[in-house]
Amino acid sequence: MAVTKTSSVPDMVVLSGELWQELLKLVTAQYKVIGPVRRGSEHVFAPVKDPRVLDMAYVTTILPPKKVFHQPFQVLFSFDAEEGTLAEAESGEEKVVWGIHPCDMHAIAILDKVYGVEYPDPYYLRNRENTIIVAKNCTEIGEDCFCLSMGTGPALRSGYDLLLTDLGGRYLVEVGTAKGRKLLSGLDVPPAPRVVLVEKEKRLSQARQRFRKRMVTQGIQELLEENFRHPIWEELMRECLACGSCTMVCPTCFCYNVVDKMDLDLKTGRRQREWDSCMLLEYAQVALGQNFRRDRDARIKQRIYHKLLYYEPQFGTLGCVGCGRCIGACVKRIDITDVVSRLAESVESER
Amino acid sequence: MINPFKPEMAVITEVVKETSDTTTYTFRFKESETRETWGFEPGQFNMITVFGIGEAPISISSGPGDTGFFQHTVRHVGNVTNALAKKRPGDVVGIRGAYGTGWPLRLLYGRNLLIVAGGIGLAPLRPVIREVMRQRDRFKEVEVLYGARTPGDMLFVREFPDWSKHVNLRLAVDMVPPGVKWDHKVGVVTTLFSEMFSQPSNTVVLTCGPEIMMKFVVRGLLHMGFSPDRIYVSMERRMHCGVGKCGRCQIGPRFTCKDGPVFAYEELAALPEEVLGGVGR
Ligand SMILES: Cc1cc2nc3c(=O)[nH]c(=O)nc-3n(C[C@H](O)[C@H](O)[C@H](O)COP(=O)(O)OP(=O)(O)OC[C@H]3O[C@@H](n4cnc5c(N)ncnc54)[C@H](O)[C@@H]3O)c2cc1C
Ligand code: SF4
Ligand code: SF4
Ligand code: FES
């Protein structure tokens, strides 16, 4: 990645103990920081004022950091019912998202394509521009994680402003952009010697050996195309509750609904968008009660086919980054990797 | 940055009732700059806003040659479309567009044209008919088959005498209520195939209507030897953005709002039928 030097801050430093704490203090004092915080037995991305609440050892979060950019609720503009549009929604202040994992960064790169092309989405792009991204390579692997097989982790190669790698009690901090370098400017630290990269790669290669799940991606498009009417879809229909949790937690899902909310005076209001899910019945309903995806199997198929088959022609990449959230969020533990391997196995056994 | 979600204000200048549940509105943009720069292709749609109620995708039903104003023909079926029913001349709505693919007009020049429409599906085809009337000599034989539920459900009836001077118009209704005089066909629109003069050779087909109708139209025409690569269909899906962002309108890998609503039939034929009809088996 091309890096322009804005100061004497080195491209790569190693921080431990006090210096690491110092960095966290500086950043949280200067910026609105959103980072991984423990909530009960799980983690969430939440505003962090006191760096002590940051939990850098988190494995996954309930919602992906997508929510900072493509917000669950986004006011588009306010209006007067008679006069029309008034003000457009204001853009927020500059913020830092701390500790984004590689899978979630890859998902953001996909959303950049969804929202950045053709009719660029000003709300998403503004949130992107306003945000400094501090990513973190994964050295701990969760039980549902399969980014390795999707080529989206556990190491990140690009897209970050700063990149952290836990070297055990100390952090390797790599600068990706001038925006990232700015965060380090208050620290007086010498450049790290290049040999720390050996240590970094060793930790990442150890992490690669700890994956328990993988997606069979070879031939996956053909497999799905040829098995649109496979009995597995009916089995899944019987299991799936069509609650929409899998899409709500997915870092690459982009669908939204739009609603007009009136104020109490019934004269003015706001147009707002909200995350939506293809798993819900109303999603594909059209005039006079016709619905293009009434049956649940059609909706489960929409999700899985969209992720694994249709993103490719739409955005030039698979739509799943292997974060595993949909597996963890499913009451019935429907597992997208398992669906694909069962499909592959049953086709194999027919041969 | 241009905000694609922010509608332009447009004033309703005329309201004409087409049928008991459908109305044609004439609009004029408030801003003179928008009036001068805005344009569209036949087959494209606008997102119409009734502030406080919401937005709905509606095809443009006037011709591209109609300047200074544009029209929409709206069937009142739900929140936004029923709120529109209460609007009078002078009232203001929000408009953004024009979006989506249009009918392949250039392909039609020098060729025969067969239009098959059902119900409200005639609205997005009226711009083509108006274009044919404006530049009649650019097209060869033009035939329009139009089907509706009853004679009272037919749109644009007052224009039929004028249309008939330029194109061969054939009508069919599913049923005729007692006491109503009807000189045309009774039956679904495909029953008009047996009497139409359109031949497969050098003919481009444009069709819009309920999906089940289009399915039988395409099936019938293919059977008669019409070329699948010269059939175009206009699809309807739920839409919340019109610009490829909200995901609502997806058909397989395609976004109806930007890859459609007008699709080459062959593009859709490549997808599993369930993706199109959607209702599983
Ligand atoms: C490209 C395109 C062009 C269209 N052109 C016209 C036109 O020229 N004239 C016309 O009258 N209608 C047209 N429609 C259909 C029109 O968009 C819907 O009837 C309208 O969105 C319903 O909105 P509503 O708020 O009134 O209804 P809602 O209150 O939202 O819903 C009422 C009923 O309409 C259904 N519905 C909602 N959105 C759509 C949709 N996009 N398509 C179909 N059904 C929907 C709902 O599921 C429900 O059954 C077009 C649709 C598309 C996609
Ligand atoms: S489909 Fe599941 S595993 Fe893949 S990116 Fe979405 S939530 Fe993560
Ligand atoms: S269609 Fe479904 S799976 Fe695809 S992005 Fe939308 S909600 Fe997610
Ligand atoms: S209408 Fe929103 S993506 Fe097509």
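These are my notebook entries on ring pairs, charges and ligand shells in a predicted model.

**Entry 1. Confidence**

I began with the scores. The model has ipTM 0.90 and pTM 0.93. For chain B I noted an average pLDDT of 94, with 97% of the residues at 70 or above, as "at least 70" is the mark used. I kept one caution in mind: where pLDDT is low, the predicted coordinates should not be read in detail.

**Entry 2. Aromatic pairs**

I looked up the ring pairs next. A pair of aromatic rings is described by the distance of the centres and the angle of the planes. The count over all chains is 27 aromatic pairs. One of them joins Trp20(A) and Tyr171(A), with 3.9 Å from centre to centre and 20° between the planes. I logged this pair as stacked, because planes under 30 degrees apart count as such.

Where do Trp20(A) and Tyr171(A) lie in chain A? Trp20(A) belongs to helix H1 (residues 17-30) and Tyr171(A) to strand E9 (residues 170-175), so the contact ties together parts 151 residues apart in sequence. I then checked accessibility. Trp20(A) has 7% relative accessibility and counts as buried. Tyr171(A) is also buried, at 10%.

In chain B I took the pair of Phe29(B) and Phe70(B). The ring centres are 5.0 Å apart and the planes stand at 35°, so I entered the pair as tilted. Phe29(B) is in strand E2 (residues 22-29) of chain B and Phe70(B) in strand E5 (residues 70-75) of chain B, and the pair links these distant parts, 41 residues apart. Are these two rings buried or exposed? Phe29(B) is buried at 4% relative accessibility, and Phe70(B) is buried at 2%.

I followed the ring pairs outward from there. Phe29(B) and Phe70(B) belong to a cluster that also holds Tyr25(B), Phe27(B), Trp38(B) and Phe40(B).

**Entry 3. Charges over rings**

I noted two cases in chain A. The charged end of Arg128(A) sits over the ring of Phe69(A), 5.7 Å from the ring centre. Lys301(A) lies over the face of Phe228(A), with 4.0 Å to the ring centre.

**Entry 4. Salt bridges**

Side chains of opposite charge can pair when their charged atoms come close. How many salt bridges does the whole structure hold? The search returns 35 over all chains.

I looked at Arg273(A) and Asp121(A), which form a salt bridge with the closest N and O atoms 2.8 Å apart. Arg273(A) is in strand E11 (residues 268-275) of chain A, and Asp121(A) is in the loop between helix H3 (102-116) and helix H4 (122-129) of chain A, so the pair ties together parts 152 residues apart in sequence. Both Arg273(A) and Asp121(A) are buried.

In chain B, Asp153(B) and Arg149(B) meet in a salt bridge at 3.6 Å, N to O. The two partners differ in burial: Asp153(B) is buried, with a relative accessible area of 18%, whereas Arg149(B) is exposed at 52%.

I also logged Lys185(B) with Glu195(B), a salt bridge whose closest N and O atoms are 3.5 Å apart. Lys185(B) is in strand E10 (residues 185-186) of chain B, and Glu195(B) is in the loop between E10 and strand E11 (203-208) of chain B, ten residues apart. Lys185(B) is partly exposed, with a relative accessible area of 26%. Glu195(B) is partly exposed as well, at 34%.

Last in this entry is a network. Salt bridges link Asp260(A), Arg271(A), Glu55(B) and Arg96(B).

**Entry 5. Ligand shells**

For ligand 2 I listed the surrounding residues. Among them are Cys250(A), Cys320(A), Cys323(A) and Cys326(A). The list also includes Phe146(A), Pro251(A), Arg303(A) and Val321(A), along with Gly322(A) and Gly324(A). By class, the shell of ligand 2 has seven nonpolar residues, two polar and one charged.

Which residues come nearest to ligand 3? Of the 13 around ligand 3, these are Cys253(A), Cys255(A), Cys278(A), Gln302(A) and His306(A). I entered the site as shared between chains, because residues from chains A and B surround ligand 3. Helix H11 (residues 296-315) of chain A gives the largest share of this shell, five residues. The classes around ligand 3 come to six nonpolar, five polar and two charged residues.

Conventions. Residues are numbered from 1 along each chain as its sequence is written. Chains are lettered from A and ligands numbered from 1 in the order in which they are written. This is a predicted model: local features need pLDDT of at least 70, side-chain atom pairs count only at pLDDT 80 or more; totals for chains, interfaces and linings use all residues. Side-chain values use heavy atoms; hydrogens and water are left out. Rings of Phe, Tyr and Trp (its six-membered ring) pair if their centres lie within 6.5 Å; planes under 30 degrees apart count as stacked, over 60 as edge-to-face and the rest as tilted. Helices (H or I, at least four residues) and strands (E, at least two) are DSSP runs, numbered from the N terminus. Buried means under 20% relative accessible area, exposed over 50%, partly exposed in between (1.4 Å probe, protein chains only). A charge sits over a ring if NZ of Lys or CZ of Arg is within 6 Å of the ring centre and within 35 degrees of the ring normal. A residue is near a molecule or strand if one of its heavy atoms lies within 4 Å of it. Ala, Val, Leu, Ile, Met, Phe, Trp, Tyr, Cys and Pro count as nonpolar, Asp, Glu, Lys and Arg as charged, and the others, Gly among them, as polar. A salt bridge is a side-chain nitrogen of Lys or Arg within 4 Å of a carboxyl oxygen of Asp or Glu. pLDDT is the predictor's confidence in each residue, from 0 to 100.
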